[in-house]
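Visitor: I'd like to learn how to read charge pairs in a model like this one. Could you walk me through it?

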Amino acid sequence: MDFLWREDGLVVETDSFRYHRGRVAFEDDRARDLALREAGLDVIRVADRQLDDEPGRVIDLVTNALRRGLPSA
């Protein structure tokens, strides 16, 4: 896993085409997602290009996921 907020139950996986292309990588990623979800974690998967081209969007996505995990005031 690339990033983990253990107390918030959130994992962010960053994927590049270079290392995540092909059937085996695709299926391995899905198997990892299932295992993480079975462990009670939420998984967000983003492409490295999204990090480069749309960092604000990715930050908003992660921030909103973390906020959803917070108790309401």
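Guide: Happy to. Let's begin with a network of salt bridges that links Glu13, Asp15, Asp29, Arg32, Asp33 and Arg45. Keep in mind that this is a predicted model.

Visitor: What lets two side chains pair up like that?

Guide: The general idea first: side chains of opposite charge can pair when their charged atoms come close. Now the case here: Arg32 and Glu13 meet in a salt bridge, with 3.8 Å from N to O. Arg32 sits in helix α2 (residues 23–38) and Glu13 in strand β2 (residues 10–15), so the pair links distant parts of the chain, 19 residues apart.

Visitor: Are Arg32 and Glu13 buried or exposed?

Guide: One of each sort, nearly. Glu13 counts as buried because its relative accessibility is 3%, and the cut-off for buried is under 20%. Arg32 counts as partly exposed, at 33%.

Visitor: Which residue does Arg45 form a salt bridge with?

Guide: Asp29, and the closest N and O atoms of the two are 3.6 Å apart. This pair also links distant parts of the chain: Arg45 is in strand β3 (residues 42–47), Asp29 is in helix α2, and 16 residues separate them. Asp29 is buried, at 4% relative accessibility, while Arg45 is partly exposed, at 22%.

Visitor: What else does Arg45 touch, leaving aside its neighbours within four places in sequence?

Guide: Arg45 is in contact with Glu13, Asp15, Asp29, Arg30 and Asp33. Take Asp33 from that list: Asp33 lies in helix α2 and is buried, with a relative accessible area of 6%. Beyond its neighbours within four places in sequence, Asp33 is in contact with Val43 and Arg45.

Visitor: How many salt bridges are there?

Guide: The count comes to eight. Among them is the one between Arg57 and Glu54, at 3.0 Å from N to O. Arg57 is exposed, with 57% relative accessibility, and Glu54 is partly exposed, with 29%.

Visitor: And how do the charges add up over the chain? How many are positive and how many negative?

Guide: The chain has 12 positive and 16 negative side chains. The centres of those two sets lie 3 Å apart.

Visitor: Let's leave the charges. How do I read a nonpolar core, and which residues make up the largest one?

Guide: The idea is to look for buried nonpolar residues joined through side-chain atoms within 4.5 Å. Here the largest such core has eight residues: Leu10, Val12, Ile44, Val46, Val58, Val62, Ala65 and Leu66. At least two of the core residues come from each of β2, β3 and α4 (55–68). Helix α4 gives the most, with four residues.

Visitor: Which residues does Ala65 touch, not counting those up to four places away in sequence?

Guide: Ala65 touches Leu10 and Ile44.

Visitor: Now zoom out for me. In what order do the helices and strands come along the chain?

Guide: Starting at the N terminus, the order is β-β-α-α-β-α-α, which gives four helices and three strands. The C-alpha atoms fill a box of roughly 45 × 30 × 10 Å, taken along the principal axes.

Visitor: How do I read long-range contacts, and what share do they have here?

Guide: You ask how far apart in sequence the touching residues are. Of the contacts with a separation of 6 or more, 52% are between residues 24 or more positions apart.

Visitor: And the surface? What percentage of the residues is buried?

Guide: Of the 73 residues, 27% are buried. The chain exposes about 5700 Å², and carbon and sulfur atoms supply 51% of that area.

Visitor: Can you show me a residue on the outside? Where is Ala39?

Guide: Ala39 is in the loop between α2 and β3, and at 59% relative accessibility it counts as exposed. Ala39 and Asp29 are 10 residues apart in sequence, and their C-alpha atoms are 15 Å apart in space.

Visitor: How does a spacing like that read for Arg45 and Tyr19?

Guide: Those two are 26 residues apart along the chain, and 14 Å separates their C-alpha atoms. Reading sequence spacing next to spatial distance is a handy habit when you turn the model around.

Notes: Residues are numbered from 1 along each chain as its sequence is written. This is a predicted model: local features need pLDDT of at least 70, side-chain atom pairs count only at pLDDT 80 or more; totals for chains, interfaces and linings use all residues. Side-chain values use heavy atoms; hydrogens and water are left out. Buried means under 20% relative accessible area, exposed over 50%, partly exposed in between (1.4 Å probe, protein chains only). Contact means heavy atoms within 4.5 Å. Accessible areas come from the Shrake-Rupley method with a 1.4 Å probe; for residues, only the protein chains shown count as cover. Lys and Arg count as positive and Asp and Glu as negative; His and the chain ends are not counted. The place of a charge is taken as NZ of Lys, CZ of Arg, CG of Asp or CD of Glu. A salt bridge is a side-chain nitrogen of Lys or Arg within 4 Å of a carboxyl oxygen of Asp or Glu.
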